[in-house]
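User: I'm new to this one and would like a close look at a single part, the place where a few helices pack together. Please start with any term I need, and then tell me how that part sits in the whole.

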Amino acid sequence: MKLPPLLDSIANPVLVALVAVLLLLQWRFPLRHQHFTLLRRLVRNYVLSIPGFVIVRMAMLPIPFAVALWAQHQHIGLLNWLGLHGWIASIAGFVLLDYCYWWWHWANHMFPFFWRFHNVHHTDLDMDVTTAARFHFGEMFFSIGFLSLVLVVFGIVPLTFIVFFIVLEAAVCFHHSNWRLPIDIERILNWVIVTPRMHGIHHSIVQRETNSNWGTIFCWWDKLHRTLRRDIPQDAITIGVAAYRDERELTLGKLLKLPFGKQREWRLPDGDIPDRSPQGANTLAE
Ligand SMILES: [Zn+2]
């Protein structure tokens, strides 16, 4: 299946430039204290992401795109049945896709089978723009089924899917970045979109904090489901997964194999369960 040229000729160079700009911004204005050197993490996260990128380009985009084209021709799916056309159908499809991604992210945490793969992303001991690439290829593979299902059920226009995916990639790079935005600006952005401080809480070693802020582009879904957390200051967050704290266990080979072995309970190596009571504040903490 041939994808629209928009992806390779425009979006990919723009995304590469965005990563470069975010690398620069997070180096100049860091948000959280980092424990490891950028070069080491950059190499590990990007090499780990290569099989995932291949799956995305060869299957995770073309297969759901073909499914969406088929649904469009067969006049299948909610938006087709409602008779929505043009911009209205595209905007509705875009928003629906982001909401479905909220559920997909939720499922990746809640179902132990999916968590095996998503765990690899969360084991990063620092979080920055390179974490946005740190996904196990298994997670990308299962996304093919999820996306195909969503595109058919809701009858989402194929081009909307591609545009959504490009925006999603940009959003993922942005909210994983370690860029300290001025707090007032980030609070305003966080009325609408997921921001670095909001997503930082999702990468905390405290499980109840990880089990919050599942949004990807818009932050409304977490508000809707009462899973929005904004009350943890970034310097109080330890990034990672409680049971995987040793850098020597998180090498490339071990990360690729991680989903296929026994998964550890959410406990620190000394047996403690990290916890902290919610403050309940509704404003994004510094
Ligand atoms: Zn997650």
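Analyst: One term up front: look at two crossing helices with one nearer to you, and the crossing is right-handed if the near helix is turned clockwise from the far one by less than a right angle, and left-handed if it is turned anticlockwise. Also keep in mind that this is a predicted model.

Let's get our bearings before zooming in. The chain contains 13 helices and zero strands, and reading from the N terminus the order of elements is α-α-α-α-α-α-α-α-α-α-α-α-α. Its C-alpha trace spans about 55 × 40 × 35 Å along the principal axes. A compact globule of 286 residues would have a radius of gyration near 19 Å, and the chain's value of 19 Å agrees with that. Of those 286 residues, 51% count as buried. Take the contacts between residues at least 6 apart in sequence: 78% of them join residues at least 24 apart.

Now for the close look. Helix H7 covers residues 137–154, and helix H5 covers residues 86–110. Their axes come within 11 Å of each other and cross at roughly 140°. That angle makes H5 oblique to H7, because only angles over 145 degrees count as roughly antiparallel. In the sense explained at the start, H5 passes H7 in a right-handed crossing. On the H5 side, the contact is made by Leu96, Leu97, Cys100, Tyr101, Trp104 and Asn108. H7 answers with Glu139, Phe142, Ser143, Phe146, Leu147, Val150, Leu151 and Phe154. Sort the residues of this contact by character and you get 11 nonpolar, two polar and one charged.

One of those H5 residues, asparagine 108, is worth a pause. Asparagine 108 is found in helix H5 and is buried, at a relative accessible area of 2%. Setting aside neighbours within four places in sequence, asparagine 108 is in contact with Phe114, Trp115, His118 and Glu139. Glu139 is also among the H7 residues in the contact with H5. Next in line is alanine 107, which has its place in H5 too. Alanine 107 has a relative accessible area of 8%, so it counts as buried. Along the chain, alanine 107 and tryptophan 214 are 107 residues apart, yet their C-alpha atoms are separated by 9.9 Å.

H7 has another partner. Helix H2, residues 38–60, packs with H7 at an angle of about 20°, and the two axes are 8 Å apart. That makes H2 roughly parallel to H7, because angles under 35 degrees are counted that way. Like the crossing of H5, the way H2 passes H7 is right-handed. Here Pro51, Gly52, Ile55, Val56, Ala59 and Met60 of H2 meet Phe137, Met140, Phe141, Ser143, Ile144 and Leu147 of H7. In terms of character, the residues of this contact come out as 10 nonpolar, two polar and no charged. Compare the two lists for H7, and you'll find Ser143 and Leu147 in the contact with H5 as well as in the contact with H2.

For contrast, here are a few spots outside those two contacts. Histidine 75 lies in the loop between helix H3 (62–74) and helix H4 (78–81). Histidine 75 is partly exposed, with 45% relative accessible area, and has a positive phi of about 60° although it is not a glycine. Arginine 226 is in the loop between helix H12 (220–224) and H13. With a relative accessible area of 79%, arginine 226 is exposed, and its phi is positive as well, about 55°, although it is not a glycine. Why point that out? Most residues other than glycine have a negative phi.

Last stop: aspartate 275, in the segment after helix H13 (252–257). At 53% relative accessibility, aspartate 275 counts as exposed. Not counting residues up to four places away in sequence, aspartate 275 touches Val206 and Arg208. From aspartate 275 to leucine 61 there are 214 residues in sequence and 39 Å in space, C-alpha to C-alpha.

To bring it back to your part: H7 is met by H5 at an oblique angle and by H2 at a roughly parallel one.

Terms used. Residues numbered from 1 in each chain as written. Predicted model: local features only at pLDDT ≥ 70, side-chain atom pairs only at ≥ 80, totals over all residues. Heavy atoms only, no water. Axes fitted to C-alpha atoms, helices over the stretch in contact; angles between N-to-C directions. Helix = DSSP H or I, 4+ residues; strand = E, 2+ residues; numbered from the N terminus. Parallel < 35°, antiparallel > 145°, perpendicular 65-115°, else oblique. Contact = heavy atoms within 4.5 Å. Nonpolar A, V, L, I, M, F, W, Y, C, P; charged D, E, K, R; others polar. Rg over C-alpha atoms; globule rule 2.2 N^0.38 Å. Buried < 20%, exposed > 50% of the residue type's maximum accessible area, 1.4 Å probe, protein only.
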